[in-house]
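User: Hi! Could you take me on a close look at the place where the ligand sits, and tell me what surrounds it?

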Amino acid sequence: MKRIKVEIAPGVKTEFVDRDRALAQIAEWAERGTRFPVVIFGPEGYGKTAFLRQAAAALRELGYDVFYLHPLDRVFAAEVDDPDVKTLFLDLMRKTLEDEKWGRLALAVFDLTREILKKRRRKIAIIADDVFQAIGLDKAAAYVKGLLNMIEHPVYDYKNIVVLVATSEGVSRREIGRHFWAQLRPMWNMPKEGFQQLYEKLPGPKPPFDDVWRWTGGNPRMLGRLHTAGWAAERVVGDVLREKGLTAEFVRRWRRCLEEVVEDPETLWTGDTPEELVEELEARNLVVYNMYDRDPYFWIDQPPPQRDPELGIGKNVAWQTPIHREAVRRALRDAASS
Ligand SMILES: Nc1ncnc2c1ncn2[C@@H]1O[C@H](COP(=O)(O)OP(=O)(O)OP(=O)(O)O)[C@@H](O)[C@H]1O
Ligand SMILES: [Mg+2]
């Protein structure tokens, strides 16, 4: 499997690193197809766009016709052999670039797939990254149902079909999880050895790897941000604090619970935390709530450890990265001193 090129920080290019188990899972899907749309979720910046791009390239290499949709980044591709479908797709894309109705392209894959299969039985892959924001969260479940129908009740026969959808957003996960229409599969930050390979690729002087691991917990986006910030972790913490809207008012309101949660995320699960706070933390992508059993069967790539207090990982709840936790800790301190 050829590895794609990615950019880990502005101007720093590398190839797609590690994720060996996830790549083996792509090969398995290619072999058998996915019986359900696989909906992948996890922390922000854990590398889902990189992984889906890698999956698209790998499936193409394995003889699939591939539709790749990434509305937030305005990237769409139809790597298909049928020239008519390719033209249809490009026309639609041109139109969409004009009126910015991104959801339309996400919906068009249903017709385009049918168009391809009308002529010949083929292997089809649909890879959709962050589509729910484009089509509207209220339509996320219906979209997934449409994809499932395509697998279960195709108008024309296919040889194999692979459907991968990713979201970093806890709310859509819950919305989809209410139905049996998808296989929900979490993916975590990178495992330590793989993450170290990525760290080694960064040019220039660097702090020791163990420090970087303790700050990022293996999150490749955080690695890139630290590099860009000249490795000043406190600056990145400051940025995250502002991005996540951790205002004095927010932390004052939830102080008692938040103080417990920064010590041990599991208190969100076992304690008497109001559901509203859980929702606030999930919606801000600060924690992942309701983590899966660590049986690798349930996970894309390697599951995280059962518990890692240093990285803020509990059995059922985890901070997305230690920097997220640190931002909340700092917000609590700031609010106390103001
Ligand atoms: N396996 C990998 N090898 C090399 N670089 C990676 C890998 N995974 C992710 N990256 C890099 O880390 C950064 C974050 O990854 P990416 O954009 O894929 O995350 P994401 O999960 O899609 O984030 P978001 O939740 O914001 O959509 C990117 O710069 C990406 O190129
Ligand atoms: Mg992404």
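Analyst: Here is a walk around ligand 1, followed by a short look at the cavities. Keep in mind that this is a predicted model.

Let's start with the space itself: ligand 1 takes up the largest pocket. Around the ligand there are 20 residues, and those that come nearest are Glu 7, Val 17, Lys 48, Thr 49 and Ala 50. If you sort the shell by class, you find 9 nonpolar, 4 polar and 7 charged residues. Three elements each supply at least two residues of this shell: the strand β1 (5-9) and the helices α2 (48-61) and α10 (220-228).

Now zoom in on the oxygen atoms of the ligand. A polar backbone atom of Glu 7 is 2.7 Å from an oxygen atom of ligand 1. For Gly 47, a polar backbone atom is 3.0 Å from a ligand oxygen, and for Gly 45 the corresponding distance is 3.1 Å. How much of the ligand does the protein bury? Ligand 1 taken alone exposes 620 Å², and the protein buries 88% of that.

Finally, the cavities. The count comes to 3 cavities of 30 Å³ or more, and the largest cavity has a volume of about 90 Å³. Its lining has 13 residues, with Phe 41, Gly 42, Ser 168, Gly 170 and Val 288 closest to the centre. Two elements, α7 (170-177) and β9 (287-289), give two or more residues to this lining, and β9 gives the most, with 3 residues. By class, the lining of the largest cavity divides into 4 nonpolar, 6 polar and 3 charged residues.

Conventions:
Residues are numbered from 1 along each chain as its sequence is written. Chains are lettered from A and ligands numbered from 1 in the order in which they are written. This is a predicted model: local features need pLDDT of at least 70, side-chain atom pairs count only at pLDDT 80 or more; totals for chains, interfaces and linings use all residues. Side-chain values use heavy atoms; hydrogens and water are left out. A residue is near a molecule or strand if one of its heavy atoms lies within 4 Å of it. A polar contact is a pair of N or O atoms within 3.5 Å; within protein, one must be able to donate a hydrogen and the other to accept it, and residues adjacent in sequence count only if both atoms are side-chain atoms. Accessible areas come from the Shrake-Rupley method with a 1.4 Å probe; for residues, only the protein chains shown count as cover. On a 1 Å grid over the protein atoms alone, a cavity is a set of points where a 1.4 Å probe fits but cannot get out, and a pocket is an open set with protein on both sides within 12 Å along at least five of seven lines; lining residues have an atom within 4 Å of a point. A molecule sits in a cavity or pocket if more than half of its atoms lie within 2 Å of its grid points. Helices (H or I, at least four residues) and strands (E, at least two) are DSSP runs, numbered from the N terminus. Ala, Val, Leu, Ile, Met, Phe, Trp, Tyr, Cys and Pro count as nonpolar, Asp, Glu, Lys and Arg as charged, and the others, Gly among them, as polar. Grid points are joined across faces, edges and corners, and a volume is the space filled by probe spheres set on the points.
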